[in-house]
Amino acid sequence: MIKYHLAHAGRWAVDISVRTVGPESDEWGGVVKLLPRAVVWSEDPNDTGDYHFLAATDETGRFLGGCVIDIGPMGFGPLAEETIGFLEDIEVIEEHRRRGVGRALLRSALDLAWERGARSVRWTVDYGNAAGIALYSSLGLAFVPEEDPDAEHPEKCYTVVAANPAAEDTRGTP
Ligand SMILES: CC(C)(COP(=O)(O)OP(=O)(O)OC[C@H]1O[C@@H](n2cnc3c(N)ncnc32)[C@H](O)[C@@H]1OP(=O)(O)O)[C@@H](O)C(=O)NCCC(=O)NCCS
């Protein structure tokens, strides 16, 4: 189990810890309440995802929010064996928003993916999700529009892509 301590230097000056958690953790009840769909997927024996749950707490141990990232091989094509992450969900409890918790969770999830050798992490965000788009923009991430105008019921979202900053170094030389 890994643990990150991230002191937020913003106006709330709250100390945020983010760590990976599981059913044995104190934060698990909060995670189940906040990210119920991902918990169900992770418990499904037919689901091949490798889900990692992260929980954020303040200095008193209070649960603030969580996220879940699936890290594994890309699965097909010439890059089938390459590791990729998919951020399945991220949510901060409403009364704790705008204090840096979402950013701390996201940074920790990306760090975990890089530690495990992922070259990129992606996920989707709805066009209407102003807070999510603002958070990802604040980290300088790339947005790819996913609307297909020819589809019968076009789904409007962006795919957000974060690239491993050390990817060039880890690939080695031929
Ligand atoms: C999106 C979400 C996770 C952000 O969490 P958060 O803890 O409030 O975000 P942070 O405080 O870390 O925000 C970091 C930066 O993102 C931007 N941001 C976040 N929420 C914002 C909002 N509502 N309006 C404008 N900017 C916002 C700001 O730049 C902010 O930095 P600042 O506060 O120093 O200005 C949270 O709003 C949430 O849980 N939403 C519901 C679930 C959801 O939509 N998840 C995303 C699915 S793709």
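## Worked exercises: ligand shell, helix α3 and a few loose ends

Nineteen residues sit around the ligand, and of these 19 residues R97, G102, R103, A131 and A134 come nearest (a residue is near a molecule if its C-beta atom, placed from the backbone, lies within 6 Å of it). Before you dig in: this is a predicted model, where local features need pLDDT of at least 70, side-chain atom pairs count only at pLDDT 80 or more, and totals for chains, interfaces and linings use all residues. Numbering starts from 1 along each chain, as its sequence is written.

**Exercise 1.** Work out which elements each supply at least two residues of the ligand shell, and how the shell splits by class.

*Solution.* Step one: the elements are β5 (83–92), α3 and α4 (130–138). Helices (H or I, at least four residues) and strands (E, at least two) are DSSP runs, numbered from the N terminus. Step two: α4 gives the largest share, six residues. Step three: sort by class, and you get eight nonpolar, six polar and five charged residues. Here Ala, Val, Leu, Ile, Met, Phe, Trp, Tyr, Cys and Pro count as nonpolar, Asp, Glu, Lys and Arg as charged, and the others, Gly among them, as polar.

**Exercise 2.** Check the span of helix α3 against its residue count, then say why α3 can be called largely enclosed.

*Solution.* Step one: the expected span is 1.5 Å times one less than the number of residues. Step two: for the 15 residues of α3 (101–115) that gives 21 Å, and the end C-alpha atoms are 21 Å apart, so the two agree. Step three: eleven of the 15 residues are buried, so the rest of the structure largely encloses α3. Buried means 20 or more other C-beta atoms within 10 Å of a residue's own, exposed means 12 or fewer, and partly exposed is in between, with C-beta atoms placed from the backbone. Among the buried ones are V101, G102, L105, A109 and W114. Step four: look just past the helix, where G117 follows with a positive phi, near 90°.

**Exercise 3.** Find which residues have the most contacts inside the largest nonpolar core, and trace the contacts of L105.

*Solution.* Step one: a nonpolar core is a set of buried Ala, Val, Leu, Ile, Met, Phe, Trp, Tyr and Cys residues joined through C-beta atoms within 7 Å. Step two: the largest has 39 residues, and L54, A56, C67, I69, L105, A109 and A113 have the most contacts inside it. The largest share of this core, nine residues, comes from α3. Step three: skipping neighbours within four places in sequence, L105 is in contact (C-beta atoms, placed from the backbone, within 7 Å) with V18, L54, A56, G65, G66, C67 and I90.

**Exercise 4.** Are R97 and R98 buried, partly exposed or exposed?

*Solution.* Step one: R97 lies in the loop between β5 and α3, and so does R98. Step two: count C-beta atoms. R97 has 15 others within 10 Å, so R97 is partly exposed; R98 has 12, so R98 is exposed. Step three: check the backbone. R98 has phi near 65°, positive in a residue other than glycine.

**Exercise 5.** Place V161 in its strand and list what V161 touches.

*Solution.* Step one: the strand is β8 (157–163). Step two: leaving out residues up to four places away in sequence, V161 touches S120, R122, L141, A142 and V144. Step three: with 14 C-beta neighbours inside 10 Å, V161 counts as partly exposed.

How values were computed. Two residues are in contact if their C-beta atoms, placed from the backbone, lie within 7 Å.
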